[in-house]
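Colleague: I am new to this structure and would like a guided look at it. Could you put it on the screen before we begin?

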Amino acid sequence: MVIALQIYGPGKLWFDDVQAEFLPKASSTGGNEQAIPDPVADVADIRSQDLAVAGNDHMRYFLIGPVENASAPEAGFKLLVVLPGGDGSADFNPFVCRILKNALGGDYLIAQPVAVKWQPDQPIVWPTRENRVEGQKFSTEEFVEAVIRDVQTRHKLDPRYLFTLSWSSGGPAAYAISLTEGTPITGSYIAMSVFNPKYQPPLDAAKGHAYFLDHSPSDRVCPFWMARKAENSLKEYGASVRLNTHQGGHGWQGDVYGRIRAGIDWLEGAVAKEAPDESSPE
């Protein structure tokens with residue numbers, strides 16, 4: 001595998017969310033070539049609808065699930081809204097489908113908004129009310145609320161379990177959503193991202209909200225001290241916070257779906273209890 005770059009001017013470059021897979025080598029003899037496997041065959045059984053809120057193409061999202069033969073829970077489905085890192089594009093859909101299949105149960109749906117490109121060289125993947133880009137017609141907070149309302153027209157949802165999952169460039173918007181007055185989101189799983197209160201609503205809105213922060217101490221893209229700062233700051237304002245650490249640096253490393261399942265389990269417990277466990281592992 002060769003990655004060739006042509007870069008003009010000084011600066012820093014990071015690779016984010018790079019994935020590589022080995023494929024069988026085709027025979028050069030002609031006649032016995034091995035077929036290249038379908039890279040999304042493992043999630044062919046996961047339903048993923050490509051939708052737009054009220055016909056607005058800028059509000060495109062994928063509604064993933066329910067899993068095959070799943071019965072609608074009496075209280076309604078739990079919903080995980082996923083804000084991918086990187087460019088937040090539709091290309092993350094197979095990975096998000098794997099999250100439903102490998103980390104969540106039949107009582108979950110996933111909504112995956114697709115990041116809007118308001119300008120060609122947009123500096124912020126998920127612009128918010130406090131951190132805008134030129135030409136922005138709505139914020140990510142408004143986008144997510146509109147997506148949730150649209151999902152509610154299709155499935156009954158359990159309002160206790162409306163979570164976000166975000167990583168890297170998706171993290172700042174997830175913090176902003178959690179701090180928005182009247183947000184329907186009750187818990188936030190935020191992985192390997194930055195935390196800067198300068199571009200967030202007042203932190204006093206964090207009271208009663210549940211945060212599962214997932215970060216590697218060896219992350220060189222999003223420094224670990226930001227996750228520690230988020231933990232301390234959010235707890236100070238009355239949030240329930242769990243900071244989980246893992247090895248491997250930036251990106252989804254190791255037992256990805258096991259970590260996501262553990263984080264969602266913690267969020268479920270945190271929002272279900274009057275006095276959630278706010279202890280942080282060493």
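Modeller: Please keep in mind that this is a predicted model. A convenient place to start is Ser-233, which counts as buried at 14% relative accessibility.

Colleague: Where is Ser-233 placed?

Modeller: Ser-233 is in helix H4.

Colleague: And which residues is Ser-233 in contact with, leaving aside its neighbours within four places in sequence?

Modeller: Those contacts are with Phe-195 and Leu-203.

Colleague: Staying with helix H4, what does Lys-235 form with Glu-231?

Modeller: Lys-235 and Glu-231 form a salt bridge, and their closest N and O atoms are 3.7 Å apart. The two residues are four apart in helix H4 (residues 224-236), so about one helical turn separates them.

Colleague: Are those two buried or exposed?

Modeller: Lys-235 is partly exposed, with a relative accessible area of 27%. Glu-231 counts as buried, at 3% relative accessibility.

Colleague: Which residues do salt bridges that share partners join into one network?

Modeller: That network consists of Lys-78, Asp-107, Arg-261, Asp-265 and Glu-268.

Colleague: How many salt bridges does the structure hold?

Modeller: The structure holds twelve salt bridges. In one of them, the side chains of Asp-107 and Lys-78 meet at 3.1 Å, N to O. Asp-107 lies in the loop between helix H1 (93-103) and strand S4 (108-113), whereas Lys-78 is in strand S3 (residues 77-83), so this pair ties together parts that are 29 residues apart in sequence.

Colleague: How accessible are Asp-107 and Lys-78?

Modeller: Asp-107 counts as partly exposed, at 27% relative accessibility. Lys-78 counts as buried, at 14%.

Colleague: Which residue does Asp-158 meet in a salt bridge?

Modeller: The side chain of Asp-158 meets that of Arg-160, at 2.7 Å from N to O. Asp-158 is buried, with a relative accessible area of 4%.

Colleague: Let us change topic to the sheet. In what order do the strands come?

Modeller: Eight strands form an open sheet in the order S1-S2-S4-S3-S5-S6-S7-S8, with mixed pairing. The edge strands are S1 (48-52) and S8 (240-245), each of which pairs on one side only. From one strand to the next, the twist averages 20°.

Colleague: How does H1 sit relative to that sheet?

Modeller: H1 packs on the sheet and touches S1, S2, S3, S4 and S5. The direction of H1 makes about 165° with that of S4.

Colleague: And which strands does helix H3 lie across?

Modeller: Helix H3 (residues 171-178) lies across S3, S5, S6 and S7, and runs at about 160° to S6.

Colleague: Which way does S4 run relative to S2 and S3?

Modeller: S2 and S4 run antiparallel and are joined by four bridges; in S4, Ile-110 is the bridge partner of Ile-64. S3 and S4 run parallel, also joined by four bridges, and there Tyr-108 of S4 is the bridge partner of Lys-78.

Colleague: Is S4 mostly covered or exposed?

Modeller: S4 is mostly covered, with six of its six residues buried. Tyr-108, Ile-110 and Gln-112 point one way from the strand, while Leu-109, Ala-111 and Pro-113 point the other way.

Colleague: What happens at the S8 end, between S7 and S8?

Modeller: S7 and S8 run parallel and are joined by six bridges. Leu-243 in S8 is the bridge partner of Leu-213.

Colleague: Now the interior. Which residues touch the most other members of the largest nonpolar core?

Modeller: That core has 33 residues, and those touching the most other members are Leu-80, Ile-99, Ile-110, Tyr-189, Trp-252, Ile-260 and Ile-264. The elements giving two or more residues to this core include S3, H1, S4 and helix H5 (256-272).

Colleague: What does Ile-260 touch, not counting residues up to four places away in sequence?

Modeller: Ile-260 touches Ile-99, Ala-103, Leu-165, Tyr-189 and Trp-252. A second, separate core of 28 residues includes Met-59, Leu-63, Val-133 and Ile-185.

Colleague: Finally, how many disulfides are found?

Modeller: A search of the whole structure finds zero disulfides. As for cysteines, Cys-97 counts as buried at 3% relative accessibility, and Cys-222 is buried with a relative accessible area of 6%.

Methods. Residues numbered from 1 in each chain as written. Predicted model: local features only at pLDDT ≥ 70, side-chain atom pairs only at ≥ 80, totals over all residues. Heavy atoms only, no water. Salt bridge = Lys/Arg side-chain N within 4 Å of Asp/Glu carboxyl O. Buried < 20%, exposed > 50% of the residue type's maximum accessible area, 1.4 Å probe, protein only. Contact = heavy atoms within 4.5 Å. Core = buried A, V, L, I, M, F, W, Y, C linked by side-chain atoms within 4.5 Å. Pairing = 2+ DSSP bridges. Axes fitted to C-alpha atoms, helices over the stretch in contact; angles between N-to-C directions. Disulfide = S-S within 2.5 Å.
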